[in-house]
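Visitor: Hi, could you walk me through this structure? I'd like to go by chains first and then by helices.

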There are 4 protein chains.
Amino acid sequence: MKTLPKLKTINDPIYGFITVPSKLVFYLMEHKYFQRLRRISQMGFSYIVYPGAHHTRFHHALGAMFLMQKAVQVLKSKGVAISAKEEEALYVAILLHDIGHGPFSHAMEHSIVENVSHEQISLLFMKLLNQKFNKQLTLAIEIFKDQHPRKFLHQLVSGQLDMDRLDYLKRDSFYTGVPEGTVNAQRLIAMLNVKNDALVVEEKGIYSVENFLVARRLMYWQVYLHKTGIVAEQLLVRVLKRAKQLTAQGVDLPASKGLNFFLKNTINLNDFSEEVLDTFSKLDDYDIISAMKMWVNNDDFVLKNLSKMLLNRDLLKIKVKSKVFPQHKIKEKRKQLADTFNITLEEASYFVFTGKLENQAYSMEKDTINLLKKNGKIIEVAKASDQLNLEALSTSVVKYYLCYPKNNKDSYRG
Amino acid sequence: MKTLPKLKTINDPIYGFITVPSKLVFYLMEHKYFQRLRRISQMGFSYIVYPGAHHTRFHHALGAMFLMQKAVQVLKSKGVAISAKEEEALYVAILLHDIGHGPFSHAMEHSIVENVSHEQISLLFMKLLNQKFNKQLTLAIEIFKDQHPRKFLHQLVSGQLDMDRLDYLKRDSFYTGVPEGTVNAQRLIAMLNVKNDALVVEEKGIYSVENFLVARRLMYWQVYLHKTGIVAEQLLVRVLKRAKQLTAQGVDLPASKGLNFFLKNTINLNDFSEEVLDTFSKLDDYDIISAMKMWVNNDDFVLKNLSKMLLNRDLLKIKVKSKVFPQHKIKEKRKQLADTFNITLEEASYFVFTGKLENQAYSMEKDTINLLKKNGKIIEVAKASDQLNLEALSTSVVKYYLCYPKNNKDSYRG
Amino acid sequence: MKTLPKLKTINDPIYGFITVPSKLVFYLMEHKYFQRLRRISQMGFSYIVYPGAHHTRFHHALGAMFLMQKAVQVLKSKGVAISAKEEEALYVAILLHDIGHGPFSHAMEHSIVENVSHEQISLLFMKLLNQKFNKQLTLAIEIFKDQHPRKFLHQLVSGQLDMDRLDYLKRDSFYTGVPEGTVNAQRLIAMLNVKNDALVVEEKGIYSVENFLVARRLMYWQVYLHKTGIVAEQLLVRVLKRAKQLTAQGVDLPASKGLNFFLKNTINLNDFSEEVLDTFSKLDDYDIISAMKMWVNNDDFVLKNLSKMLLNRDLLKIKVKSKVFPQHKIKEKRKQLADTFNITLEEASYFVFTGKLENQAYSMEKDTINLLKKNGKIIEVAKASDQLNLEALSTSVVKYYLCYPKNNKDSYRG
Amino acid sequence: MKTLPKLKTINDPIYGFITVPSKLVFYLMEHKYFQRLRRISQMGFSYIVYPGAHHTRFHHALGAMFLMQKAVQVLKSKGVAISAKEEEALYVAILLHDIGHGPFSHAMEHSIVENVSHEQISLLFMKLLNQKFNKQLTLAIEIFKDQHPRKFLHQLVSGQLDMDRLDYLKRDSFYTGVPEGTVNAQRLIAMLNVKNDALVVEEKGIYSVENFLVARRLMYWQVYLHKTGIVAEQLLVRVLKRAKQLTAQGVDLPASKGLNFFLKNTINLNDFSEEVLDTFSKLDDYDIISAMKMWVNNDDFVLKNLSKMLLNRDLLKIKVKSKVFPQHKIKEKRKQLADTFNITLEEASYFVFTGKLENQAYSMEKDTINLLKKNGKIIEVAKASDQLNLEALSTSVVKYYLCYPKNNKDSYRG
């Protein structure tokens, strides 16, 4: 039997040192499917607004695993039985929870593939790795799919207060330089407990939970849904949409082999054979950026200009309102653009478009955060909060945006 | 003319370096009335719960002045006219805003003096210093008293978003090790502006304001009103009440000269002659702790035991509820204690008592936080928040506590 | 059997949460001898320069215990056998290592007592507590005294790289706001190992060790031996010396009972009966400051003025040089002062005096830091460093200071 | 005249907010040549060891400009005359000092181009931008080239204590999570002054300077020259060398247009026409990674395997020693590899190779750090340090490394 290789602690600016808890975890981390996450930006194009935000899915996965180790420690110290197998399965499940992310994280879910979520692809990867690793991932998969009878195991991986969220809020707040979006993961974890196989928070943790929900809301509106970030993400989606459209029309666009495959084929969940999955595993941020760098020289007005905008950070303007933008205003702007550049209205619609932003700070539909009172009773957090109207937080906030070109483009540049 | 002495930057773990902006400020800082703040704990007895929280009023005053410098910079860069005189007056006003605090900050307002607030005493000190400094504080006093026509000057010193609050939340969160209570003072200040001579926050700062209000609420319930801290503060108030009572009965309690004066005399605002003020300026945390160290040997059961409890951190128990504790329960506990130790019921009431905790995260009564919309209109923040029900935050939360002795006191100690 | 009371984690701004590892440790922490450390400033009068530095011996002791828990974890994970009894003894020993500190930490060792070090008094306290706690501290005492055969146990408590130093450097750097003085305690601990029952550092940790030594040197010269801090400490020593002198002459100085005892009696190690020790346990920073607050009204010119200087931070001037100050210069300044204020030359010597500062960043005499090479050999760090001349760091640096009064004292104040 | 667009402050996790000081700076930042730096990793392949280290040249350039603003503020407050034109020139020069970096920063200087340093290319870019921006960069260029009579202007941009170094040490230490490598940029800048038009540090800053030099040394050996990082960098250099070799042999390798140009042509400084420079400006990390992603399918054993190693982080082994590795050992390993895989010895040399690491923490040859004594005299820091033997730091440390393949490659993976 091989001994665990030496590199087993990893420096992390947030937690100090992250220790790899087992050989299985180590070899999963070494696998090229996991190493690929080093090339997938955690926050997509947010670095266009927050230049510090270049951290990766790889790093986030390690961070979430670190927090899982802390959670296991805390729960065990409170007498919650967690077997060695369950423990390792938790580490594996959280490590791989995002392995299915495509380039630039969320932007790809509806452009590269057709309505396939990254969680679904994560599961496909886990199953494939399970074959390669002699069924050692079976329990982790069960937990990930929420098919394990002890519900809290799944909740630690995916739930209202899972290790994924705790890490990404902390990490994204750290790397963007938005310290007020931070959560005290350590304190929240210290207050976790298990009651009837479900995750609960000790009652005195209520202020920490409130703070977590409000910090999350702040991160959404101030960071994840930042106006400029939205423009960048929408441009990216449109670049790919246009590229697929041109490809369908028979244009041969330069692109990496992997990207080429997904431009040429419409892939939904059923199409994901092992071969398709392996092709998917070749895709990362670098394929997209490199393709755009070639496309800036393309003849197509749309593809060329969208690519240029993103690469040179010379973006569209954006307005955000709480009401829908009137159709006539959009049409007018499209018409004007079409006239100026002698393009079709359909082509103009790539530069003038509207959309919807939505966020719900706390969802009470699927899963709630439950507090454990001293008398052993359970109470839902929105009911326990004396003052901070958490039910308000559970209503969706919807906003609308309109993107359109700047005037006098480039006129001011050298 | 003297040049500014060399010590003009001060190390601060939070802001890095604090620079003294003028000679007047420097000499005020050097004055013994201000130096005294080095001996007054910013958070009273909170260090009994949070052992890191030994920072002082002195340090907080400097921090608030640092933030004021940032605010002046920001406002000026936005075209708000602030004259050199007004600027210095702002620094003086914020530097001295807490100079009237007595020992252990808030605990003293109703025990050492009779219903005299620290703000009133701060004003008395400012007036006295104004005499000593050739009327150089006149404008600062005007601002402090809110008698200056440009209202925002006062709001920067004392308002919903003043430099005092921004610093104390940041500083208290830092020193207690409750990072989720932090506020991003830098961002909030960057979003300040002035409209019609009143302070406003630019509209896009709404999430920062929400976060500020929720962080403040968290700090109140988790830190300032922490159960154990409440016990300590209440014990302190009772130690002094008992000491005054005994003194009134003719007992000659050992105490410093300054403390002795306030034990012997009932002082309300009208009694504050220059001499009384000077005597008050001799009082700080050290007088109280030293007196208690002597009082542990006193014959009076109450004084002796309350003092011992505080010094050895062997406190009363406390329960907190949202309902009033029934009178009969309190009486019963008092009776039991009186019987056990052969003391009167009145004496027992020093160890068994109830009280009320109240906090309002955002008060809409006196002063509101107003947002400046892009169209130049003003909107109150509670009305602008789309989701976080800020009006809920403006209702007072009330809780009740009951304090009573542990059983088997000391039985477990060596 | 009692269960461990609930308060078992403590907030720490540096480490997040500190967990109390056992009941014995908990009850020792609760003991009034330990609680007293809350009233003893970790850095003496350094807060006069660094206003953030009000942290206490209490907090440092907890921090060092936290690091000890980390060290035990690391060593065990590397296969070093540490029994449960040894583990607890390590926690007890590090928790109590500073329990013998007097008011204002080091300043008291040669003024309150006669050449009794705080380590000696710590040992006396440990022995007394051992009686009160049914001999449960025996092993801890053995380790503290370096009488345990497994030398590394003592080295973790007191050695070149002990948990005491790691915590105080980190903590003092944090609270003073001198971040460049920080050490990476986590990394240093992660590289510890044990060879032949002695503590070693893995070879690749050499840069961390170098950094630790240089950071320590920086903290000494920039913080601990800061000019203004030296003045304050020397004034404090002289205040007490003068108070003892006056007491010996029959003057009855106001002072707390505890302080009074040490002013009246000359106490060396042999005099430390249990009763004396208990009296000593009553002493803390509050006795000293309170006494000085009374002494500012004393008739004695020296006592009164020294006290005033310290309380109002209106200190002597100081010059620091690498050469001895000429005697005639000192005499001249004393003469001048004596003439001005009509005091004796001996009295003037309290205000004009010289002294020596000395620091050795790395001492090779008693104990060295040893590296464990990959081939299993041991090499002393000063020999292993390729470039940073560590032998230079082991030579003592000596500087001399001269303190003397400002001119025109008080003339510039309001 | 256009007003400065709204985006003028940028979030930075290290400094909080960075403000853009002028329109010229803003438009330079907006230029695609500068935006390109968003796609060039500051630390090359170091993220393979430190997963947090994905920050970019773009971010570093902004950080260095922020520090320059602080330095200008400090120097002006000390009476150093700096005109508005000089001030802006300093910002421009520091902003653009690294604009000539190629993909993966340093690795490219001897593979993409032939012995052309990034500074030389930065200068070419500045000159080109100067044309595009109506000669507004002339003074900045003069300062950058050290042709301005006031030497300190250049020293702030490029010298022993320039803003570049201060930012990269701070930033790299932050993003790698090696806090002990941090420098206190704020304190160092606060101690800067100018004497005879040259930069000096006030004498009391000596400990900060020492700390800076030692921290820099630590960062070199622990981070920049980390063994695993060296392997990655050397693999990258060899990938490109091989690609050039194959291209020269007529093999048509897939690559972006920009990369293709540099593979086909040998470019030295004289070849850098405006056209070549523009082609160079198209190159960034994405070209290299994308090319390697294609090359993993190439027929060439060397190109394919080197690319795979880097992408999947399945690197060569490395040994580091202070002595040269014997030639026969290297030959032996090459022979063995050649035999195993049936490749030539020349091909094997891509996998078995040796090299030299060198670092000098403080160079006294070109430029020294000078201290300004209180008496106005200048002393070189290595002579002023009483204990830390800085002359030792100025000797070069040389180490040698040997890279070679792992055994049983891939055998343990799923």
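Visitor: What turn and shift lay chain D on chain A, and with what RMSD?
Guide: Happy to help, and please keep in mind that this is a predicted model. A turn of 180 degrees with a shift of 0.0 Å along the axis lays chain D on chain A, and the RMSD is 0.0 Å. The two copies are thus related as by a two-fold rotation axis.

Visitor: How much of the contact surface of chain D recurs in chain A?
Guide: The figure is 100% of the contact residues of chain D, and the same surface serves both copies.

Visitor: And how many residues does each of those chains put into the contact?
Guide: Chain D gives 44 residues and chain A gives 44 residues. On the chain D side, the elements that supply two or more residues are β1 (9-12), α1 (23-30), α2 (32-35), α3 (57-77), α5 (118-132), α8 (163-176) and α14 (285-295).

Visitor: Which element of chain D has the largest share?
Guide: That is α14(D), with six residues on the side that touches chain A. Sorted by class, this side of chain D holds 17 nonpolar, 15 polar and twelve charged residues.

Visitor: Let's switch partners. What rotation superposes chain A on chain C?
Guide: A rotation of 180 degrees does it, with 0.0 Å of shift along its axis and an RMSD of 0.0 Å. In chain A, the C-alpha nearest that axis belongs to A:Tyr15, at 5.3 Å from it.

Visitor: How many residues does each chain bring to the contact between A and C?
Guide: Five residues come from chain A and five residues from chain C. The elements of chain A that give two or more residues to this side are β2 (16-19) and α9 (185-190). By class, the chain A side has two nonpolar, three polar and no charged residues.

Visitor: Why do you say those copies meet through the same surface?
Guide: Because 100% of the interface residues of chain A are also interface residues in chain C.

Visitor: OK, now one chain by itself. How many helices and strands are in chain A?
Guide: Chain A has 19 helices and nine strands. Along the principal axes, the C-alpha atoms of chain A fill a box of roughly 70 × 55 × 40 Å.

Visitor: How does the radius of gyration of chain A sit against a compact globule?
Guide: The two agree: a compact globule with 414 residues would have a radius of gyration near 22 Å, and chain A has 23 Å.

Visitor: On to helix packing. What do people usually quote for a pair?
Guide: Two packed helices are described by the angle between their axes and the distance between the axes.

Visitor: Then give me those for α14(B) and α14(C), please.
Guide: The axes of these two helices, residues 285-295 in each chain, come within 9 Å and cross at roughly 110 degrees. An angle from 65 to 115 degrees counts as roughly perpendicular, so α14(B) is roughly perpendicular to α14(C). The crossing is left-handed.

Visitor: Which residues make that contact?
Guide: From α14(B) they are B:Tyr286, B:Asp287, B:Ile289, B:Ser290 and B:Lys293, and from α14(C) they are C:Tyr286, C:Asp287, C:Ile289, C:Ser290 and C:Lys293. By class, that gives four nonpolar, two polar and four charged residues.

Visitor: What about a pair within one chain, say α1(B) and α4(B)?
Guide: Helix α1(B), residues 23-30, and helix α4(B), residues 84-96, have axes that come within 10 Å and cross at roughly 15 degrees. That makes α1(B) roughly parallel to α4(B), and their crossing is right-handed.

Visitor: Which side chains should I look up there?
Guide: In α1(B), B:Leu24, B:Val25 and B:Leu28 meet B:Glu88, B:Tyr91, B:Val92, B:Leu95 and B:Leu96 of α4(B). By class, this contact has seven nonpolar, no polar and one charged residues.

Visitor: Last one. At what angle do α3(D) and α4(D) pack?
Guide: The angle is about 155 degrees, and the axes are 8 Å apart. That makes α3(D) roughly antiparallel to α4(D), in a right-handed crossing. D:Ala61, D:Ala64, D:Met65, D:Met68 and D:Val72 of α3(D) make the contact with D:Glu87, D:Leu90, D:Tyr91, D:Ile94 and D:Leu95 of α4(D). These residues divide into nine nonpolar, no polar and one charged.

Definitions and conventions. Residues numbered from 1 in each chain as written. Chains lettered and ligands numbered in written order. Predicted model: local features only at pLDDT ≥ 70, side-chain atom pairs only at ≥ 80, totals over all residues. Contact = placed C-beta atoms within 7 Å. Helix = DSSP H or I, 4+ residues; strand = E, 2+ residues; numbered from the N terminus. Nonpolar A, V, L, I, M, F, W, Y, C, P; charged D, E, K, R; others polar. Axes fitted to C-alpha atoms, helices over the stretch in contact; angles between N-to-C directions. Parallel < 35°, antiparallel > 145°, perpendicular 65-115°, else oblique. Left-handed = near helix turned anticlockwise from the far one by under 90°. Least-squares fit on C-alpha atoms with pLDDT ≥ 70 in both. Rg over C-alpha atoms; globule rule 2.2 N^0.38 Å.
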